[in-house]
There are 2 protein chains.
Amino acid sequence: MIEAIQNHRSIRKFKPDAVEEGLLYELLRAGTRASTTGNMQVYSIIVSQQAEMKKKLWEIHFRQNMVLEAPLILTFNADFNRFSKWCELRKAIPGYDNFLSFTTAFIDALLASQNVALEAENNGLGICYLGTTTYNADKICDLFHLPKGVVPVTTLVIGYPAEIPELTDRLPLEAIVHQETYHDYSQEQIDKIYADRENSELTRQLLKINNKETLAQIFTESRYAKKDNLVFSKKYLEVIEKQGFMNND
Amino acid sequence: MIEAIQNHRSIRKFKPDAVEEGLLYELLRAGTRASTTGNMQVYSIIVSQQAEMKKKLWEIHFRQNMVLEAPLILTFNADFNRFSKWCELRKAIPGYDNFLSFTTAFIDALLASQNVALEAENNGLGICYLGTTTYNADKICDLFHLPKGVVPVTTLVIGYPAEIPELTDRLPLEAIVHQETYHDYSQEQIDKIYADRENSELTRQLLKINNKETLAQIFTESRYAKKDNLVFSKKYLEVIEKQGFMNND
């Protein structure tokens, strides 16, 4: 298996060493080699290295320390702005202010981000994705002055690791993979799929720390609670609309 | 650079040779090593190898020949079904029937797909992404009997290549990358960014074949026309709602 794939773990503690400029450009080039719809490359990447910008991003990303610590933050956007501007300058009328185009650009941005992540790890760097990008996309739009046609999708924090955590466990393949058609899960199958994780020492510790009866409750009541999801759902849909991707008629 | 990243080209013609079962599982395992939100793995992968299913997928994906030719088709779904079922069986009330959760699962599915794509290429296989997955997601839901909480996101066709096309050109990095803040594009910058592509022999051929004045018109009038985007925007939003991801209140 590609070593960077095999050895991936999210890194949340970083040495202060900067990512060399040549290496940064190699990572970005790796991003641009990813598959992209019709070779349109409908994404953009914003590089944050200055302390002032990183501090603002730290505020936006729920003050997670790694955002301050990591020397390099890359924000990936779904971006039809450049492509549409090009169309307008070439006697072509762009029709990309709709939800399908948003999903197209969203996909493009993520395939590029995963290439960058793997290429970073291939060069001894550590990475972590920030899911909080969609939560506070409105603030990211303001911070970076994103024009219409641009919506933040994900963020990578990157730097030389100051920790090497254990590989994270994953569910057995049968939890993820379906042969020929979707086979919905029985209670027995769910029990089996989650057995190893639920019986692990890590889970025992988490239940104690969080004072919960089941691991699932840590997700539904603390980490990814419904009330938060509802707030951020509305906000992200508003961002998509404000940035001009909801003209579907 | 990771060889599979450096050498990626989309493959649309395949030899008939099957992908060995052991290799298939290695690809799927590579997918599961990708970053995933909170280690929830909120995606699923449907494996299609039977001729009958591939023929149905070929119809759905606009009868692109590669779907019939490739021995292996993988459909990646945003999937909160398994996770929510687990929550319900563990005295936890899932709150993932909203748009934010959809985007979370959408991201998970794409990071896994790009790992699978690269690992396939690393083993001498060729791949192509099918953007038509979001276009006809309703039909894919029907074909695979996808339950609530599951929405198709992207598809990979995979097989041993029967062609080795040239690497596709990409825009210069300055077209994609912004330092510290977003710098919108002037006409001069757009001209410069697209100059090489517009002056290429390939573009000259495309303009002739398509009988258009500019390359951009091929995109706006033929390949990704507004009227089609509007049809498929509505359809995909309906799928997201029908599959239970639009309860945002």
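## Exercises on a two-chain predicted model

In S4(B), B:Leu72 has B:Ile158 as its bridge partner. Keep that pair in mind; the exercises below return to its sheet. This is a predicted model, in which local features need pLDDT of at least 70, side-chain atom pairs count only at pLDDT 80 or more, and totals for chains, interfaces and linings use all residues. Residues are numbered from 1 along each chain as its sequence is written, while chains are lettered from A and ligands numbered from 1 in the order in which they are written.

### Exercise 1: confidence

Find what mean pLDDT chain A has, and where in chain A confidence is lowest and highest.

**Solution.**
- Step 1. Start with the chain: pLDDT (the predictor's confidence in each residue, from 0 to 100) averages 98 in chain A, and 100% of the residues score at least 70.
- Step 2. Then go element by element. Helices (H or I, at least four residues) and strands (E, at least two) are DSSP runs, numbered from the N terminus. Helix H10 (residues 201-210) of chain A is lowest, with a mean of 96, and strand S2 (residues 72-79) of chain A is highest, at 99.
- Step 3. For the complex, the predictor gives an ipTM of 0.98 and a pTM of 0.98.

### Exercise 2: the sheet that holds B:Leu72

Work out the strand order of the sheet containing S2(B) and S4(B), and say which strands stand at its edges.

**Solution.**
- Step 1. Two strands pair if DSSP finds at least two bridges between them. Strand S2 (residues 72-79) and strand S4 (residues 150-159) of chain B run antiparallel and are joined by 8 bridges.
- Step 2. Cross over to the other chain: strand S5 (residues 177-179) of chain A pairs with strand S1 (residues 43-48) of chain B in the parallel sense, over 3 bridges. Here A:His178 has B:Ile46 as its bridge partner.
- Step 3. Put the order together: S5(A)-S1(B)-S2(B)-S4(B)-S3(B), an open sheet of 5 strands with mixed pairing.
- Step 4. The edges are S5 of chain A and strand S3 (126-129) of chain B; each has a single partner strand, so one side of each is left without a neighbour in the sheet.
- Step 5. Add a helix: H6 (residues 99-122) of chain B lies across S1, S2, S3 and S4 of chain B, at about 5 degrees to S4(B).

### Exercise 3: two helices of chain A

Decide how H8(A) and H12(A) are oriented to each other.

**Solution.**
- Step 1. Axes are lines fitted to C-alpha atoms, for helices over the stretch in contact, and angles run from 0 to 180 degrees between N-to-C directions. The axes of helix H8 (residues 137-144) and helix H12 (residues 226-242) of chain A come within 8 Å and cross at roughly 40 degrees.
- Step 2. Under 35 degrees counts as roughly parallel, over 145 as roughly antiparallel, 65 to 115 as roughly perpendicular and the rest as oblique. H8(A) and H12(A) are therefore oblique to each other.
- Step 3. List the contact (C-beta atoms, placed from the backbone, within 7 Å): H8(A) brings A:Ala137, A:Asp138 and A:Cys141, and H12(A) brings A:Lys235, A:Tyr236 and A:Val239.

### Exercise 4: relating the copies

Determine which rotation superposes chain A on chain B, and how many residues each chain gives to the contact.

**Solution.**
- Step 1. Superpose by least squares on the C-alpha atoms of residues with pLDDT of at least 70 in both copies. The rotation is 180 degrees, with 0.0 Å of shift along its axis and an RMSD of 0.0 Å.
- Step 2. The two copies are thus related as by a two-fold rotation axis.
- Step 3. Count the contact: 100 residues come from chain A and 100 residues from chain B. Helix H6 (residues 99-122) of chain A gives the most to chain A's side, with 14 residues.

Key:
Two residues are in contact if their C-beta atoms, placed from the backbone, lie within 7 Å.
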